[in-house]
Amino acid sequence: VQLQASGGGLVQAGGSLRLSCVASGRTFSSYFMGWFRQHPGKEREFVAAISRRGGARYYADSVKGRFTISRDNAKKAVYLQLNSLKPEDTAVYYCAADLRAEGSNWYANYWGKGTLVTVSS
């Protein structure tokens, strides 16, 4: 599966952005989908995941209550609504497919190219 993310940009603290990710292939609805992010000089970290039909959603504590993940299987798309953005949310955001949880950690088998989100103070 190939993933194409978009929607990043520059926003002021307190603002909002919506990230989109469109997938190719016929197995989109069979995958858990999600988002990760990577701060400059740091390792990639889990942000959010959504189950195959969207009935279950999972979030990192740092974004809970501010970010919302959703999906549209008919469009083969997954979204991440980012609200109440903080400067520490500045990162490259990656769309991912075929996620799995192992304990408290999340892993993915497919990755898209990242989209940069910059939050100014």
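**Entry 1: Cys21**

I began with Cys21 and found it buried, because its relative accessible area is 0%. I note here that the model I am reading is a predicted one. I placed Cys21 in strand 3, which covers residues 17-23. I then listed what Cys21 touches once residues up to four places away in sequence are set aside: Leu3, Gln4, Ala5, Trp35, Lys76, Ala77, Val78 and Cys95. For Val78 I also looked up the C-alpha separation from Cys21, and I recorded 5.3 Å for two residues that stand 57 residues apart along the chain.

**Entry 2: the nonpolar core**

Which residues touch the most other members of the largest nonpolar core? I found that this core has 36 residues, and that Met33, Trp35, Leu80, Tyr93 and Leu99 are the ones that touch the most other members. I then asked which strand gives the most to this core, and I wrote down strand 9, residues 91-102, with six residues.

**Entry 3: Arg37**

I turned next to Arg37, which I found in strand 4. Is Arg37 buried or exposed? I entered Arg37 as buried, because its relative accessibility is 3%, and the cut-off for buried is under 20%. I looked for polar partners of its side chain and found a contact of 2.7 Å with the side chain of Glu45, as well as one of 2.9 Å with the side chain of Tyr93. Leaving aside neighbours within four places in sequence, I also noted among the contacts of Arg37 the residues Glu43, Arg44, Val47, Ser62, Phe67, Glu88 and Asp89.

**Entry 4: aromatic pairs**

I counted seven aromatic pairs in the structure. For Phe36 and Phe46 I recorded ring centres 5.7 Å apart and planes at 80 degrees, so I entered the pair as edge-to-face. This pair links distant parts of the chain, with Phe36 in strand 4 (residues 33-38) and Phe46 in strand 5 (residues 44-50), ten residues apart. I found Phe36 buried, and Phe46 likewise.

I followed Phe46 to Trp106, and there I recorded a stacked pair, with 5.1 Å from centre to centre and 10 degrees between the planes. Because Phe46 lies in strand 5 and Trp106 in strand 10 (residues 105-111), I noted that the pair ties together parts that are 60 residues apart in sequence. Trp106 is buried, as is Phe46. I then wrote down the aromatic cluster as a whole, which is formed by Phe32, Phe36, Phe46, Tyr58, Trp106 and Trp111.

**Entry 5: Arg44 over two rings**

Over which rings does the charged end of Arg44 sit? I found it over the ring of Tyr94, at 3.8 Å from the ring centre, and also over the ring of Trp111, at 4.4 Å from the ring centre. Trp111 is one of the members of the aromatic cluster in the entry above.

**Entry 6: Gly9**

I closed with Gly9, whose place is in strand 2, residues 9-12. I entered Gly9 as partly exposed, because its relative accessibility is 24%. With neighbours within four places in sequence left aside, I found Gly9 in contact with Leu17, Leu116, Val117 and Thr118. I also looked up Gly9 against Arg100, and for these residues, 91 apart in sequence, I recorded 28 Å in space from C-alpha to C-alpha.

Definitions and conventions:
Residues are numbered from 1 along each chain as its sequence is written. This is a predicted model: local features need pLDDT of at least 70, side-chain atom pairs count only at pLDDT 80 or more; totals for chains, interfaces and linings use all residues. Side-chain values use heavy atoms; hydrogens and water are left out. Rings of Phe, Tyr and Trp (its six-membered ring) pair if their centres lie within 6.5 Å; planes under 30 degrees apart count as stacked, over 60 as edge-to-face and the rest as tilted. Helices (H or I, at least four residues) and strands (E, at least two) are DSSP runs, numbered from the N terminus. Buried means under 20% relative accessible area, exposed over 50%, partly exposed in between (1.4 Å probe, protein chains only). A charge sits over a ring if NZ of Lys or CZ of Arg is within 6 Å of the ring centre and within 35 degrees of the ring normal. Contact means heavy atoms within 4.5 Å. A polar contact is a pair of N or O atoms within 3.5 Å; within protein, one must be able to donate a hydrogen and the other to accept it, and residues adjacent in sequence count only if both atoms are side-chain atoms. A nonpolar core is a set of buried Ala, Val, Leu, Ile, Met, Phe, Trp, Tyr and Cys residues joined through side-chain atoms within 4.5 Å.
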